Amino acid sequence: MRREPPQTLGDYAPLLFPAAMLTIFFVVPFGTMIAVSFFQRQQGGFYTPAFVFDNYARFLSAFFGGVLGFSLLLAITVAICCVVLALPFTYMLTRMARKVQVVWLVALLSILSLSEVIIGFAWSTLFSRTAGITNILVALGIMSEAKALTPSFGAVLTGMVYQAFPYTVLVLFPALVRLDPTLTEAARTLGASPLKAFFTVVVPALRNTITATLIMVFIFALGSYLLPQLLGRPQHWTLSVLITDQAIYQSNMPFAAAMAVFLVLVTLGLVALTVIAGRKGEAA
Amino acid sequence: MITTSIKRRTLLGAGLAGASMLAMPSVLRAQDKSLKVGVYGGYFKTSFDKNIFPEFTKATGIAVESIAEPTGEAWLVQLEQAARAGQAPADVSMMSQVAMLKGQSTDLWTPIDMAKIKNSSNLLDRFVNKYPDGRIAGIGAVSWYITLVTNTDVYKEAPTSWSAFWDPANADKLGLLALVSNSFLLEVTAKTFLGGTNALDTEEGLLKAFEKLAEVKPNVRLWYRDEAQFEQSLKSGEIPMGQYYHDVTGLAAADGNPVRSTFPKEGGIQDSGCWALSRASQKSEEAHIFIDYMCQPSIQATLSRKVGTSPTVKREVTDLTDKEFAAVSSDIEPIVPRYDLYQSKSDWLNQKWTELIVG
C-alpha cells in the first residue's frame, strides 16, 4: 500500500477526534490557567478577573528562586540516577531469555500500579527508626542502634527514583531490543572487554534515546509533590508542594497558576536547551 | 505538563465526592424531602452516618445524604466554583472558621433565619458566625481541641505546658501541623510566651511570635498536612510528641495505643466547625430544620459521647457528666484561634510562615 499525502479536507477527518480531545483536555485548561495567573487576588476571598502582574512579581524573590532551583536540581538528579541505573539493567534484560524478560517487565509494570501515597508510606516505614531497615543491620551486628533515615534528601531521592525507574526501563527497552547485536560483537572481536564495548558502542549508539529518557524522567520528577512531603523536611519541598498549598489551602488560585506557568516555562526552556545542545553535538 | 495533570488529579480526588453525588439523583427522588450534608470524610462522616443522621431522618422525615468533604479549604473552593455555576454539591456543609470568613467575602453563605432556629439560645456566643453587617452566616456544629500529645512509652510523665515544644531535650521529636492556618502555633506562642493572643494584634507582635516560633524548628521532625502520617508515627513512638486532635487521640488510647492527650496549662487550642448553607442550595427550609435539630443539647451530648467532639452549647444545658465532659473538653480557658488574622493578613502570614519552615 502506498502512503499518499492527504488531498482533501476529508482526509484530515481522523485527526479531528484527537485534536478535539487535546483542545478540550489540555489547551483549554492550560489557557484557563494562564488567564487565571493574571487575575487579581482578593485576600481572604477568591479572585476577580483582571490583568495584573502581581502574582508573577510575588514569585520573583530569592525565596521562590531557591525553591525553584531545588526542584530543578532534584528532578535532574532523579533523572540521572534513573538512567544510570536503568541503562545497564535494561541492556542486560534484553539479552535474557524471553520468559525472564516477561517476568521482569510484569514486575516493573506492577510498580506503576502503586499510587504515590502507597510508595511514600512504604518508604517512610522502611526508613523509620522503629520498623525500618536499620533494625536488620542492627540484628546483623553491622550497626549499633537503629536510627531513622527519613526525613532526609536521600529518602526523597530514593522514593522518587523508585517511582520513576519503571518508566525509565519501559522507555529504554524498545531501543535496546532493536539495537543491532552485531555492533557489540564487532567490538568484542576487535578486542574490547564487555564493559568497554558497552561504554564505547552501546551508549554512543543510544545517545538520542538516552537524552529523550533523561528529559522524560526529569519532567516526570518535576511534578512530584507527595514524596517530598512524606519523606523530606520542609527544605526538600518542591515548587509543586507550594503550588498545592496555594491552590488547595490558601485558595490563592492566581498565585498558584502563576507559579505553575513559571514552572512550565522554565521546564520547556531547559528541554529546548537540551535538544539544541544535542543537535549541535551531532553536527560537530 | 506534569504539573497540571498532578493538580488535576488532586482536584479529581477531592472532587470525587461531588461526582458520586451527581450519580445519585435517582436515589434522592425516591424520598419526599432530602438534604445533602457535607461533613469531613473518614472518621467524622462514619460517626455521623451511624449515630446522628438516621435519628434525624426518623424525627423529621428528611432523608440525609452525607457527602464526604476534604478538610482544609479545598471544599470551600469547590463550593464556591459550583455556586458560581448555580450548583450545590452539598446543601449544608460543616465549614472551618477561616473558610467561613472567606466564604463571607463572596456571600457564599445564605443568611440563617434565627427565628427558625428555636434551639439557638443554647449556643455559646462564639459559635455563631456573623457577617460584618450582623446577618448570621453559620451556626456552630461541633468544636474540637488540638492538644499536646505524647507517646506514653517514650514520655512516662505527661508534659504540662506548650513550652515543652521549645525544650532542647526534644530535638527532632515533634510532629506539627504544616500550615499557619491550621496549626495555630502563632496563637500558642503568643499565649505561652507573649501574654496572650492579643499580642498578635500588631505586625510587631506577629514578628515577635514568628521569631520565638523559629526556635522550635530544630525540634520538629515532621510538618504534616496528612493526619494519618503523624498519627501512625505517634503510636509507634517514631515521632513521640506533637500537636494533634484530642478526640482522635482519645480514641487511639482507648484502643490500647500508647498515646495520651494533655491539656497544657495555657489551654488547648479550640477550633470549631459551622453549619453553613450554600447560596446555590434550594433546600433552605430543610436546612433550617437540620441546623435547629443539631443545636439541641441532647444531640450535642450525643456527639460528645459518640464522636468525641466538644459541645457548642452551654455545658449546663447538656446532661454530660463531669467525666464525659472531661473526656472531650477541659475547664482550662482554651486558646481561641485568631481567625480574623487569617482573613485580613492571610497572604502575609502564609509567606512568612512558609519562609520560616522551608527557609
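Residues 68-274 of chain A are 77% helix and 0% strand, and the C-alpha atoms at the two ends of this span lie 19 Å apart. Helices here are DSSP runs of H or I with at least four residues, strands are E runs of at least two, and both are numbered from the N terminus. UniProt, in an unreviewed entry, lists this same stretch, residues 68-274 of chain A, as "domain: ABC transmembrane type-1". Positions from UniProt follow the numbering used here, feature names are shortened, and annotations may be inferred rather than shown by experiment.

This is a predicted model, where local features need pLDDT of at least 70, side-chain atom pairs count only at pLDDT 80 or more, and totals for chains, interfaces and linings use all residues. Residues are numbered from 1 along each chain as its sequence is written, while chains are lettered from A and ligands numbered from 1 in the order in which they are written.

**Where the chains meet**

The contact takes 39 residues from chain A and 36 residues from chain B; two residues are in contact if their C-beta atoms, placed from the backbone, lie within 7 Å. On the chain A side, α12(A) gives the largest share, 7 residues.

Now for α12(A) itself: 11 of its 11 residues are buried, so the helix is largely enclosed by the rest of the structure. Buried means that 20 or more other C-beta atoms lie within 10 Å of the residue's own, with C-beta atoms placed from the backbone. Among the buried residues of α12(A) are A:Leu239, A:Asp245 and A:Tyr249. Just after the helix, A:Ser251 takes a positive phi of about 40°.

**Strands in chain B**

Strand β1 (residues 33-40) of chain B has 6 of its 8 residues buried, so it is largely enclosed by the rest of the structure too. Two strands pair if DSSP finds at least two bridges between them, and β1(B) has these partners:

| Partner of β1(B) | Bridges | Direction | Example pair |
|---|---|---|---|
| β2(B), residues 62-69 | 8 bridges | parallel | B:Leu35 and B:Val64 |
| β3(B), residues 92-96 | 2 bridges | parallel | B:Gly38 and B:Ser93 |

**The core**

The largest nonpolar core has 142 residues, and those touching the most other members include A:Val78, A:Met259 and B:Phe290. Such a core is a set of buried Ala, Val, Leu, Ile, Met, Phe, Trp, Tyr and Cys residues joined through C-beta atoms within 7 Å. Leaving aside neighbours within four places in sequence, B:Phe290 is in contact with B:Leu35, B:Val37, B:Phe56, B:Ile62 and B:Val92.

Note on methods: A residue is buried if 20 or more other C-beta atoms lie within 10 Å of its own, exposed if 12 or fewer, and partly exposed in between; C-beta atoms are placed from the backbone.
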